[in-house]
Amino acid sequence: MANMTMIQAIQDAMRVAMEADSRVLVLGEDIGKNGGVFRATEGLMAAFGENRVIDTPLAESGIIGTAVGLALNGMRPIAEIQFLGFIYETMDQVSAQAARMRFRSQGRFSVPMVIRSPFGGGVRTPELHSDSLEALFLHSPGIKVVMPSNPYDAKGLLLAALADDDPVLFLEPMKLYRAFRGEVPEGSYQVPLGKANVVQEGNDVTVIAWGPTVPVALEAAKSVSDQQGVSCEVIDLRTISPIDIDTIVNSVQKTGKAVIVHEAVRAGGVGAEITAQINERAFLSLEAPVARVTGYDTPYPVPTLEDYWLPDAKRTGEAILRTVHF
């Protein structure tokens, strides 16, 4: 089994999918000869040619609009948006066209495409490069939203997304691209979409995280265990839409307490939706209010301030202890 970083696992998934299916192609800005801004597509143009690895003009709406047309005509495109903050330019193509095509056509047409986009803080990028916008697409019925936290999941989830017959937004945490290595099987395998992963079992409190906050949650869980013997059950959501609410509810019914950790701003975030669903389905099991540790309700800050803005293990650990001792 190979030992890969997340960016290597993502590149391997695309290579495996392109070798297996001639309908899979990649398009985006600088993804061909340059191999993409993070080198996720490095070597793919040499391997598969300019007709399947396509450098596009600097026009995000054109990239997604072209991918929608390709998907409707039998191809399975992977469209790369260089940074998630630029996806605002594509909102009509994503949310008003791709996401609702199956519903609009009463099932006669679907849009089997994947949109890959780096996002997230902690790497000192300029404005519009670090925003966590997953909640915008949770609110767009018809598109699945996926976010890996490790190399194994990154490859398996991306291959599952490429096999899906509906559009999938695949969000890649920049901070984790080369943060660590993990074992990744060779060849093809899939991690099911819509299924969360209980990465650590525990009894005192449920900690729910996704993408870049999963390592934060695990670090905080270890800290409160070492300090006060608190036993945390940590859930990696993996898929933002659809949310695997059954796994969350089962855990909260066991622990009686929940803390949600995400990088996006607090107001209207995915954490608010999870809190509402816990209240609807596990209210009688709760022994404390559901807590959230999030970014603040401001635009993403300049690089010198982002360490104060992002949720970290200290803030998360404090929220866990407040919840446990409520």
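**View 1. What lines the largest pocket of this predicted model.** Sort the lining residues of the largest pocket by character and you get eight nonpolar, two polar and six charged. That lining is made up of 16 residues, and the ones nearest the pocket's centre are Lys175, Val216, Leu310, Pro311 and Asp312. As for volume, the largest pocket comes in at about 230 Å³.

**View 2. Where the largest pocket sits, and who builds it.** Domain 1 (2-184) and domain 2 (197-325) both put residues into the lining of the largest pocket, so the pocket lies between them. Two helices to look for here are H8 (213-228) and H11 (306-309), each of which supplies at least two residues of that lining. Helix H8 gives the most, with four residues.

**View 3. The second largest pocket, with about 170 Å³ of space.** Helix H1 (6-20) and helix H7 (151-163) each hand at least two residues to the lining of this second largest pocket. Going along the chain, the lining takes in Val16, Ala17, Ala20, Asp21, Arg23, Val24 and Arg76, then Leu159, Leu162 and Ala163, and finally Ser188 and Gln190. By character, the lining of the second largest pocket splits into seven nonpolar, two polar and three charged residues.

**View 4. An open sheet of seven strands.** Read across the sheet and the strand order is E3-E2-E4-E5-E7-E6-E12, with mixed pairing. Strand E3 (53-55) and strand E12 (239-241) are the edge strands: each has a single partner strand, so one side of each is left without a neighbour in the sheet. From one strand to the next, the twist averages 20°.

**View 5. Strands E5 and E7 side by side.** Strands in a sheet are held together by backbone hydrogen bonds, in either a parallel or an antiparallel arrangement. Here, E5 (residues 114-119) and E7 (residues 168-173) go for the parallel option, pairing over six bridges. If you want a spot to start from, pick Val114, whose bridge partner in E7 is Val168.

**View 6. Helix H3 packed on the sheet.** Helix H3 (residues 60-72) touches three strands of the sheet, namely E2 (24-28), E4 (76-80) and E5. Compare the direction of H3 with that of E4 and the angle is about 170°.

Definitions and conventions. Residues numbered from 1 in each chain as written. Predicted model: local features only at pLDDT ≥ 70, side-chain atom pairs only at ≥ 80, totals over all residues. Heavy atoms only, no water. Pairing = 2+ DSSP bridges. Axes fitted to C-alpha atoms, helices over the stretch in contact; angles between N-to-C directions. Contact = heavy atoms within 4.5 Å. 1 Å grid on protein atoms, 1.4 Å probe; cavity = no way out; pocket = protein on both sides within 12 Å on 5 of 7 lines; lining within 4 Å. Points joined across faces, edges and corners; volume = space filled by probe spheres on them. Nonpolar A, V, L, I, M, F, W, Y, C, P; charged D, E, K, R; others polar. Domains from an automatic or database assignment.
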